[in-house]
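Reader: Could you take me through one part of this model up close? I'd like to start from a single residue and work outwards to the rest of the fold.

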Amino acid sequence: MKIEKNHVVRFHYTVSEPGQPPVETSKDREPLAVLIGHGNIIPGLENAMIDHVAGDSFEATVESDQAYGDRQEGLVQRVPKKHFREARLQPGQQVVLNSSAGPRAVTVVKVGGTVVDVDLNHPMAGKTLHFQVEIVDVRAAEQVEIDHGHVHGEGGTQH
């Protein structure tokens with residue numbers, strides 16, 4: 001069965017910047033399960049999967065505009081230190097900040113006595129990404145998965 005919209009794909013991936021060591025891999029855990037065509041993974045990787053089948057292994061290079069977008073200047077904000085639970089914040093550290101819109105991953109830029117400057121850009125924003133992908137299996141999505149916009153069951157949401 002070929003990968004197309006409204007199919008569930010379970011896959012392993014390794015991601016890096018071109019010519020750099022891997023940043024992340026799923027090889028040491030269960031495969032990631034996604035519902036294709038519902039914005040559950042970055043567009044460039046989803047597009048690269050179309051028409052592949054279970055057992056395929058391939059590589060894909062995804063430009064920043066099809067990954068996490070370009071870096072946006074002006075997304076550095078000063079936040080009172082009391083909003084962080086970490087006792088020892090350091091520049092470059094990635095932490096989760098609870099905001100009015102819910103939890104948000106941020107990168108610490110500068111730590112002051114009472115405030116912390118954080119970068120709200122995704123850590124991979126502005127970067128071209130290289131993926132090594134292994135398709136484990138492909139199946140047609142169930143109607144409830146399509147209705148909810150995500151995978152249920154193994155590798156997906158349990159509700």
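Author: Sure, let's start with H130. Leaving out residues up to four places away in sequence, H130 touches T14, V15, S16, P18, E59, A60 and T61. Keep in mind that this is a predicted model.

H130 itself lies in strand β9, which covers residues 129–140. Is H130 buried or exposed? With a relative accessible area of 18%, H130 counts as buried, because the cut-off for buried is under 20%. Two of the residues it touches also hold on to its side chain through polar atoms. The side chains of H130 and E59 are joined by a polar contact of 3.0 Å, and another polar contact, at 3.2 Å, links the side chain of H130 to that of T61. For a sense of what is not next door, try Q94: it sits 36 residues from H130 along the chain, and their C-alpha atoms are 22 Å apart.

Now hop over to Y13, in strand β1. Here the chain does the opposite trick: Y13 and Q132 are 119 residues apart in sequence, yet their C-alpha atoms are separated by 5.5 Å. Q132 also turns up among the residues that Y13 touches, along with E24, T25, S26, K27, R29 and L32, again not counting residues up to four places away. Of these, E24 deserves a look, as its side chain makes a polar contact of 2.4 Å with the side chain of Y13. Y13 has 9% relative accessibility, so it counts as buried.

Stay in strand β1 and go back along the chain to H7. H7 is buried too, at 9% relative accessibility. Its side chain has a polar atom 3.3 Å from the backbone oxygen of K5. Beyond four places in sequence, H7 touches M1 and K2, then V34, L35 and I36, and finally V138, R139, A140 and A141.

Just before that strand comes N6, in the segment ahead of β1 (7–16). N6 is not a glycine, but it has a positive phi of about 65°. That's worth a second glance, because most residues other than glycine have a negative phi. N6 counts as partly exposed, with 24% relative accessibility. D51 is another non-glycine residue with a positive phi, at about 75°, and you'll find D51 in the loop between α1 (43–49) and β4 (57–62).

What about the nonpolar side of things? The largest nonpolar core has 21 residues, and the members that touch the most others are V9, F11, L45, M49, F131, V133 and I135. Two or more residues come from each of β1, α1, β4 and β9, with β9 giving the most, at 5 residues. Zoom in on L45 and you can follow some of these links: setting aside neighbours within four places, L45 is in contact with F11, V62, F131 and V133. There is also a second, separate core of 10 residues, which includes V79, V95, V106 and V116.

Towards the C-terminal part of the numbering, have a look at E145 in helix α2, residues 143–148. Although it is a glutamate, E145 counts as buried, at 0% relative accessibility. Its side chain reaches the backbone nitrogen of E142 at 2.8 Å. Not counting residues up to four places away, E145 touches V8, L35, R139, H150, V151 and H152. L35 and R139 are also among the residues that H7 touches.

Now zoom out. The protein has 2 helices and 9 strands, and from the N terminus its elements run β-β-β-α-β-β-β-β-β-β-α. Of the contacts with a separation of 6 or more, 63% are between residues 24 or more positions apart. The C-alpha trace spans about 55 × 40 × 30 Å along its principal axes, and buried residues make up 36% of the 159 residues. As for the outside, the accessible surface comes to about 9400 Å², 47% of which belongs to carbon and sulfur atoms. On the charge side, there are 15 positive and 22 negative side chains, and the centres of those two sets lie 12 Å apart.

Key: Residues are numbered from 1 along each chain as its sequence is written. This is a predicted model: local features need pLDDT of at least 70, side-chain atom pairs count only at pLDDT 80 or more; totals for chains, interfaces and linings use all residues. Side-chain values use heavy atoms; hydrogens and water are left out. Helices (H or I, at least four residues) and strands (E, at least two) are DSSP runs, numbered from the N terminus. Buried means under 20% relative accessible area, exposed over 50%, partly exposed in between (1.4 Å probe, protein chains only). A polar contact is a pair of N or O atoms within 3.5 Å; within protein, one must be able to donate a hydrogen and the other to accept it, and residues adjacent in sequence count only if both atoms are side-chain atoms. Contact means heavy atoms within 4.5 Å. A nonpolar core is a set of buried Ala, Val, Leu, Ile, Met, Phe, Trp, Tyr and Cys residues joined through side-chain atoms within 4.5 Å. Accessible areas come from the Shrake-Rupley method with a 1.4 Å probe; for residues, only the protein chains shown count as cover. Lys and Arg count as positive and Asp and Glu as negative; His and the chain ends are not counted. The place of a charge is taken as NZ of Lys, CZ of Arg, CG of Asp or CD of Glu.
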